Amino acid sequence: MRLPALLLLAASGLLAQRPYIAIAGFQHESNSFHSVPTPLAEFNRRVIPPGADLIATWADNNDEIAGYIEEGRKHGFDFYPTVARMAMPAGPVTREAFETITKEIVDKLKAAPRKLDGVLLALHGAMVSQDYLHADAEIVRRVREAMGPQMPIIVTHDFHANISPEIVQYSTVLLNYKEVPHIDQKERGRKAAEIMSRIVKDGVKPVQVLVKPAMIYNLRFQHTFAEPLKPIVDETKKLEKDPEILAASVAGGYQWGDVPAVGASVVIAVNGNRDRAEREAKRLSNMLWDTRDRLKLNLPTPATAVKMAMEETKTLPVTLVEMGDNIGGGSAGDSTFMLAELLKQKATGWVSVIYDPAEVERAVKLGIGGAFDAMVGGKTDKVHGAPVRVRGTVKVLHDGVFMDTAIRHGGQKYYDQGLSAVIEVEGSTRDLPNYVLLTSKRMVPFSLHQLYSVGIVPERQKILVVKAAVAFRAAYEPLNGRIIEVDTGGSTAVNPAQFNFKNAPKDLFGIK
Ligand SMILES: [Zn+2]
């Protein structure tokens, strides 16, 4: 009833009050296979000191909330800022964190000083909490319950959202970023505010439809500036040029969420025309589905990769990439899959770096030249491989501080991998020694000086193992050797078959 009344006022030029729009944000990408939950204290990103001007601080950014504000100002919105909190990706959100922050948002919305006309809500879309497999949907459900069925609630999501029918039902319009890397966050925030304006000022009536192709769209292929995703994302951009289409979104999904809604999604929001929304959503979903023969992972197993590296004689050294223990992506740094395989196949001339402070202590006690025999790595949790028996001699002890003056990923110059020990491992030859470098701190392999500093010359080794995904390349590609990405286990494994899914649909393409 309220919308036509507003329209009437607007038409007669008597609109006394500007649209009053609330803003809230609560974002987390939750890895179901990450053993460490995310507590309340971690939700400190975007938190503004008490007394600061929330809108001015939020506006000074390049994210979707800044986009809400920039566009909303053009449409004459008055903003009601509530809460915006986010945390770095890690394990599921604790009950305390979820309940506290959701309550903050709902309580503030209910306490608005005057009647709200709409809510702009920034969520990630892949949040899992201890109680809710789709925590984002529960947030919107509670906001809807508090605000009533007529309140326009526009939700923005990350491209890596796992979208469920429930969240599409509770929200008025849901849209996500179109781009990976995410460089269009602000633009999508602006879009959300523009849609809000069309709803509250022009009386637009959104209907939205979700269609999910039965697939996990592997992260390895979630690059929207390249085939096969680019033409599909381009199609959503084309659709949004049509005034009937309010928002057209394709979400790649987040494969480390063991949830019923895991996988790719298409959400189309249209002004009134449900048939059109259904038709376009199905069409885009089919486009995603039709790319599946181009989504074969095809990475070698550790056994195959070690064999390939041992057989390589020309393009050396061979760098084996442990994708499942991508330290820069927050993993453990102590996975042992490659180390175990190198020992099993009796490879020579290799280097493996393992985070293991306890065994560094042991090496220090033994002293240089001491006989080392201990179980190494695999101690952080159960998903990064079992500890592996390493026998050899303590070759080098080092304080772990090193420097790289060249510009590498992250632009860092000084590094500290903590007290460190090099073990020369059994099976070494004079020309091709085997080295385990044990560190006391997790260290990203962004600099070869990690090795030079402890007396290891990577150019002279045959096989180097890095725990990484992409960023190591700035340091390792100049070696002009061969790089082999390996399908290893761990909390950042790219192969869903590495995980034991309990809540995801069993028959999704790409899950096995
Ligand atoms: Zn993302």
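The paragraphs below lead through this predicted model, beginning with its nonpolar cores and moving on to one helix and one strand.

The largest nonpolar core contains 92 residues, and among these A24, L120, L121, V140, I154, M196 and I268 are the ones that touch the most other members. Helix 7, which spans residues 185–202, supplies the largest share of this core, namely six residues. To see how one member sits among its surroundings, consider I154, which, once neighbours within four places in sequence are left aside, is in contact with G118, L120, L121, S171, T172, V173, A192, I195 and M196. There is also a second, separate core, made up of 54 residues, and V351, A421, I463 and A493 are included in it.

Helix 4 has 16 residues, 95–110, and reaches 22 Å from its first C-alpha to its last, which is close to the 22 Å expected at 1.5 Å a residue. Its buried residues are A97, F98, I101, T102, I105 and L109. Because these residues cover an arc of only 105° around the axis, they lie on the same side of helix 4, while K103, D107 and K110, on the other side, are exposed. The buried residues of helix 4 pack against strand 1 (20–27), strand 2 (78–86), strand 3 (118–123) and helix 5 (135–147).

Strand 15, residues 420–425, is largely enclosed by the rest of the structure, because five of its six residues are buried. Strand 12 (residues 388–398) runs antiparallel to strand 15 and is joined to it by six bridges, one of which pairs V394 with I423. Strand 15 also pairs with strand 16 (residues 435–439), again in the antiparallel sense, over four bridges, and here the bridge partner of I423 is V436.

Notes: Residues are numbered from 1 along each chain as its sequence is written. This is a predicted model: local features need pLDDT of at least 70, side-chain atom pairs count only at pLDDT 80 or more; totals for chains, interfaces and linings use all residues. A nonpolar core is a set of buried Ala, Val, Leu, Ile, Met, Phe, Trp, Tyr and Cys residues joined through C-beta atoms within 7 Å. A residue is buried if 20 or more other C-beta atoms lie within 10 Å of its own, exposed if 12 or fewer, and partly exposed in between; C-beta atoms are placed from the backbone. Helices (H or I, at least four residues) and strands (E, at least two) are DSSP runs, numbered from the N terminus. Two residues are in contact if their C-beta atoms, placed from the backbone, lie within 7 Å. The expected span of a helix is 1.5 Å times one less than its number of residues. The arc is that of the directions from the helix axis to the C-beta atoms. Two strands pair if DSSP finds at least two bridges between them.
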